[in-house]
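User: I am in my first year and would like a close look at one part of this model, the long helices of one chain and how they pack. Could you take me through that part slowly, and then set it beside what can be said of the other chains?

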Amino acid sequence: MGEMFRTAFQRPVTKDYPFGAPQVAERFRGKLDIDPVKCTGCGVCEAVCPATVITMIPVGKRKVAGREIENKRPVFDLYTCISCGQCVDDCRFGALWLTHEFELATTDKNSLVMNKALKVVV
Amino acid sequence: MNALQIAEILLFPGLTFFVWLAFVFDWLDRKTSARMQGRVGPLLAGPHGILQPVADFFKLTSKEEIIPEYADKFVFLWGPPLFFAAPAVGTIFLPVAGLNALVFDPYDLLFILFLLAFSTLMAAMLGYASAGRYSTIAIGRLVVQYTSFEVPLIISIITPAVLAGSLSVEGIVVAQSHYWYILFAPISFAVFIIATLAELEKPPFDIPSAKTEIVAGWMTEFSARSLAYVKLTKNLSYVFLSALAVSLFLGGPSGPVLTQASTLQNLLYLIYFLVKLFAVGFGIFAIRTSLARIRIEQAASLFWTILTPLSLLQLGIVIFLR
Amino acid sequence: MQYSPENMVPFGPVHPALKEPEYFKLILEGEKIVEVIPRIGYVHRGIERAAQDRTWIKNVYLFERICGICSFAHSIAYTQAIENLLQFEIPRRARYIRLIIAELERIHSHLLWLGLVGYWTGFDTLFMWIWKDREHVLDLVETITGNRIHKSYSTISGVRRDLPDNIGEPLRKEMKYIEERSEYYKSLVSSEETLVIRTRGIGRINQDIVRKLCPVGPLLRCTGIARDVRVEDPYAAYDEIIPDVKTSNDGDIASLLLLRIEEVKESCRLVLEAFEKIPSGPVKLTAPRSVPKGEAIFHVEAPRGELFYFVRSPGGTIPDRVKIRTPTMANLLTATEMLKGHTLADVPVVLTGMDPCFGCMDRVSIVELDKSKQWAIRGEELRQFGIDWYKQRRSKT
Amino acid sequence: MKVGGMISKFRKSTVITVSPDHAKETCQLIVTELPEFYHLSTITGVDDDPSITLYYHFWQGGDFLSVKTGVPKTNPVIPSLIDVLPSAILYEAEVKDLLGVIFQGNPLMDRRLLLPDNYPLEAPPPLRKEADPEKIRKMMELE
């Protein structure tokens with residue numbers, strides 16, 4: 001009973017999130033982001049992603065040692081992304097990271113498709 | 001019955017005043033129990049969420065009413081307004097603004113007892129009419145609980161009547177003008193409060209509407225309009241019973257009166273009445289948030305083995321004292 | 001009591017008292033429960049079949065999503081089973097970090113359960129308070145692993161990231177706070193009269209039921225058998241930081257309550273001790289993509305009991321078979337045993353007694369044992385049956 | 001071991017490979033003969049094409065004891081362990097549903113288990129190698 005009155009006069013713990021700022025931890029894993037310049041199109045992230053979010057899209061041709069090689073860049077369908085960060089760990093060039101943004105509700109699905117990487121090369 | 005009396009019954013100290021009080025009580029109940037649990041409670045409808053119960057009521061009445069196939073149509077439709085009538089009629093006998101109630105009748109205490117029994121009967125009728133499996137089980141529990149708490153309730157109501165020597169609420173209030181009956185009969189005040197908890201199905205006695213076992217108990221099948229009425233009636237009987245406790249044990253609106261002017265006097269009486277009412281209300285909120293729900297046979301044994309002899313003992317003392 | 005549709009009360013599958021869909025057919029005699037037939041399988045997602053077309057790394061994220069409450073237990077059980085196959089020795093610091101996060105998860109899971117018991121006995125205030133305190137642990141876990149529930153923190157060769165360096169001070173503060181609160185709840189649970197009469201002597205089980213039905217975790221320990229995977233088959237860093245196993249011996253819900261609060265306090269001590277003794281060094285090695293041929297068994301003490309993993313690898317990057325047996329699966333038969341003889345009001349309380357996590361268990365389930373199929377009973381039939389059932393009983397006695 | 005069977009030991013778990021008809025006997029020996037309290041963790045079924053291998057895992061203290069038997073895929077039948085270990089009813093029911101092994105004496109054998117009610121009867125049990133999810137999904141749509 002005593003405890004009840006003590007809690008009654010303390011500040012309630014409910015966070016006023018929709019009105020106040022969202023309190024998120026520093027290491028929070030939110031929406032994926034890519035730096036198109038650093039990305040070399042190696043395709044490791046596509047192989048390792050558990051939710052098959054990433055698909056490599058051919059972007060143009062590149063001459064390496066006389067042979068024509070397809071140049072590929074990743075496209076992320078963040079609709080199915082589970083923010084696990086495995087691609088971030090396995091990307092040798094540090095082109096991927098997870099932001100703190102988590103408000104991903106949208107009315108159309110393809111607004112979540114991120115093809116930033118394609119734009120740079122073409 | 002001139003226009004003023006009708007206006008008094010319908011408007012100020014009568015129906016609308018108590019319905020408004022019912023909404024305020026519901027808001028207070030939700031707000032304080034939320035604060036005690038570290039939550040914030042209703043916040044958005046109106047300043048500090050005070051209009052939340054009103055918003056709930058009107059939202060419910062606008063929803064579509066679903067009547068179960070096996071339900072007894074007539075009782076299901078006309079039950080809730082009747083159920084609402086029980087505490088609404090009871091409020092007329094309680095003196096609120098001024099020492100005399102709206103309707104004076106030497107034996108109105110007996111009528112109030114009938115009203116209490118009537119509201120539980122109506123609850124049983126409604127639950128049984130909705131013919132759901134959960135409501136039939138809930139009715140069994142409701143009747144067991146009612147029969148167990150009714151005897152101590154009646155005894156604890158009779159003690160102030162014996163003290164005041166009259167069977168009318170107004171008579172009791174007048175007799176308490178210089179010392180309240182709670183000093184003489186504290187046990188029956190406690191028994192009365194516990195019995196009101198059981199009548200209103202508040203924890204620890206919310207067994208008939210135990211949401212974790214039998215969904216919403218006898219209220220499971222109610223939807224829009226009837227659910228709104230049933231909820232309002234529960235809040236109204238909450239106010240009615242605490243007002244009854246105030247008039248029987250805490251001397252109703254009586255209190256030190258400074259001036260002779262009757263309107264100012266009535267205002268003062270009103271303020272005393274409201275202060276005591278909210279005090280009793282807070283007491284019940286505190287008890288409600290701090291106890292778990294006990295099982296039906298434990299509730300029955302609690303009432304029969306502990307509360308009934310206690311209130312009989314109290315009645316004996318009062319008769320001896322008198 | 002021959003099963004007949006008249007006196008059968010359905011409890012579930014979607015019922016406000018149960019957080020996950022499960023369905024118990026209760027055969028009642030009046031209000032007393034005579035027979036319980038669980039029928040579950042409503043959240044079965046075929047995870048074992050799905051695991052067979054994903055690589056080893058992808059499975060880590062699949063298995064931690066089996067259960068929302070004990071997700072880290074699943075991931076360390078799986079990763080350690082593979083490390084067994086790889087004959088890998090992961091760095092000591094990683095094993096300490098795994099212990100810390102596992103114990104934090106045990107605290108959060110037990111607090112969740114304690115709050116639920118309060119909720120199911122109608123004691124909402126206890127539910128609100130306990131879940132308020134649980135937030136402290138969840139925030140702590142979020143600062144360390146980045147996510148409150150799906151920690152995705154352990155991988156095949158250790159832990160993905162090191163502890164944040166300024167974690168020491170908040171960790172000690174929160175652990176002390178949780179210890180204080182569990183001390184308060186211990187006194188509250190044994191003194192609060194209305195709670196005691198709802199939990200003491202309910203759902204009593206004894207040693208021979210346990211030996212027959214093999215439950216695991218707190219349900220086993222509350223009958224006096226001190227059996228804990230962390231002590232008997234130490235994994236992670238439990239060989240250096242020994243938890244002492246709590247038991248009580250009267251096997252009812254009240255003893256389960258106290259047992260779990262003791263375990264919360266024990267976990268707080270373990271976390272602090274592990275944090276003091278944590279060695280420095282790397283937290284992760286580079287793991288090969290493919291696992292050599294072989295099979296491995298690994299079990300872990302999840303908050304609800306022994307979580308069992310059997311992994312068989314054909315020697316490639318895709319597993320051949322992963323068998324998961326979750327603690328709720330083992331406890332379910334004991335729970336139905338506990339239910340017998342109690343009234344309908346006790347059903348939710350006893351059901352929470354075993355702390356069911358149907359998300360976990362529902363990869364497999366049992367079906368109802370009775371024979372007759374569909375039933376449609378109306379309120380009156382049930383009432384009518386009850387009346388003449390009592391009349392006939394009264395005439396007999 | 002009195003029962004003819006090959007014992008192989010690796011790391012902390014010993015595996016006793018036995019023929020199907022000795023399986024029940026071995027489990028009975030483990031539970032009754034050996035002094036410590038052996039706890040049946042679970043029964044695992046694996047589909048290795050010609051036959052379905054079953055493992056009965058027993059846990060005691062630090063190590064594991066698994067009884068391994070193979071059941072021919074053509075008629076996968078094996079006596080049930082219910083009378084020795086009542087808790088086996090759960091695990092046998094699971095293996096029956098996912099792999100189609102029939103355990104004689106287990107009351108759950110004739111009931112549809114964890115698979116959804118509209119899982120086609122003629123479709124092979126899901127964990128079998130020949131069960132291809134696309135085909136089954138098409139079958140389910142037809143029903």
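Analyst: What follows begins with the helices of chain B and then turns to chains C, A and D. Please keep in mind throughout that this is a predicted model.

A good place to begin is α9(B), a helix of 26 residues that reaches 38 Å from its first C-alpha to its last, close to the 38 Å expected at 1.5 Å a residue. Most of α9(B) is covered, since 23 of its 26 residues are buried. Just after α9(B) comes B:Gly251, which takes a positive phi of about 75°.

One of the elements that pack with α9(B), residues 224-249, is helix α3 of chain B, residues 52-61, and here the two axes are 7 Å apart and meet at an angle of about 150°. Because angles over 145 degrees count as roughly antiparallel, that angle makes α3(B) roughly antiparallel to α9(B). If you wish to find the place in the structure, look on the α3(B) side for B:Phe57, B:Leu60 and B:Thr61, which meet B:Ala224, B:Arg225, B:Leu227, B:Ala228 and B:Leu232 in α9(B). Sorted by class, this contact of α3(B) with α9(B) has six nonpolar residues, one polar residue and one charged residue. A general point helps in reading such lists: an α-helix has 3.6 residues a turn, so residues three or four places apart point the same way.

Now move along chain B to helix α11, residues 296-321, which has 26 residues and reaches 36 Å from its first C-alpha to its last, close to the 38 Å expected at 1.5 Å a residue. This helix is not straight throughout, for α11(B) bends by about 35° at B:Leu307, and a proline, B:Pro309, follows within four residues. The residue at the bend, B:Leu307, is itself buried, and the other buried residues of α11(B) are B:Ile296, B:Ala299, B:Phe303, B:Ser311, B:Gln314 and B:Val318. What do these buried residues of α11(B) pack against? Their partners are α6 (133-164) and α8 (186-199), both of chain B.

Chain C offers a helix to set beside these. Helix α3 of chain C, residues 71-86, has 16 residues that should span 22 Å at 1.5 Å a residue, and its end C-alpha atoms are 23 Å apart, which agrees. Of the 16 residues of α3(C), 15 are buried, so this helix is largely enclosed by the rest of the structure. Just after α3(C), C:Gln87 takes a positive phi of about 50°.

Chain C as a whole has 15 helices and eight strands, and buried residues make up 56% of its 397 residues. Among the contacts in chain C with a separation of 6 or more, 71% are accounted for by residues 24 or more positions apart. An example of residues far apart along the chain is the pair C:Asp53 and C:Pro319, which are 266 residues apart in sequence while their C-alpha atoms are separated by 7.7 Å. C:Asp53 is found in the loop between α1 (47-51) and α2 of chain C, and with 10 C-beta neighbours inside 10 Å it counts as exposed.

Is C:Ser152 buried or exposed? C:Ser152 is buried, with 23 other C-beta atoms within 10 Å, and its place is the loop between α5 and β4 (154-155) of chain C. Its phi is near 40°, a positive value in a residue other than glycine. In chain A, A:Ser83 also has a positive phi, near 50°, again in a residue other than glycine. A:Ser83 lies in the loop between β3 (67-77) and α3 (86-90) of chain A and is buried, with 21 other C-beta atoms within 10 Å.

Chains C and A also touch, and their contact takes 14 residues from chain C and 14 residues from chain A. On the chain C side, α2 (56-63) and α5 (124-145) each supply at least two residues, and the largest share, five residues, comes from α5(C). That side of chain C divides into four nonpolar, five polar and five charged residues.

Chain D, finally, has three helices and seven strands, which follow the pattern β-β-α-β-β-β-β-α-β-α along the sequence. Buried residues make up 39% of the 143 residues in chain D. Residues 24 or more positions apart account for 48% of the contacts in chain D with a separation of 6 or more.

Note on methods: Residues numbered from 1 in each chain as written. Chains lettered and ligands numbered in written order. Predicted model: local features only at pLDDT ≥ 70, side-chain atom pairs only at ≥ 80, totals over all residues. Contact = placed C-beta atoms within 7 Å. Nonpolar A, V, L, I, M, F, W, Y, C, P; charged D, E, K, R; others polar. Axes fitted to C-alpha atoms, helices over the stretch in contact; angles between N-to-C directions. Parallel < 35°, antiparallel > 145°, perpendicular 65-115°, else oblique. Expected span 1.5 Å × (residues − 1). Bend = angle between axes of the 7 residues up to and from the residue. Buried ≥ 20, exposed ≤ 12 C-beta atoms within 10 Å, placed from the backbone.
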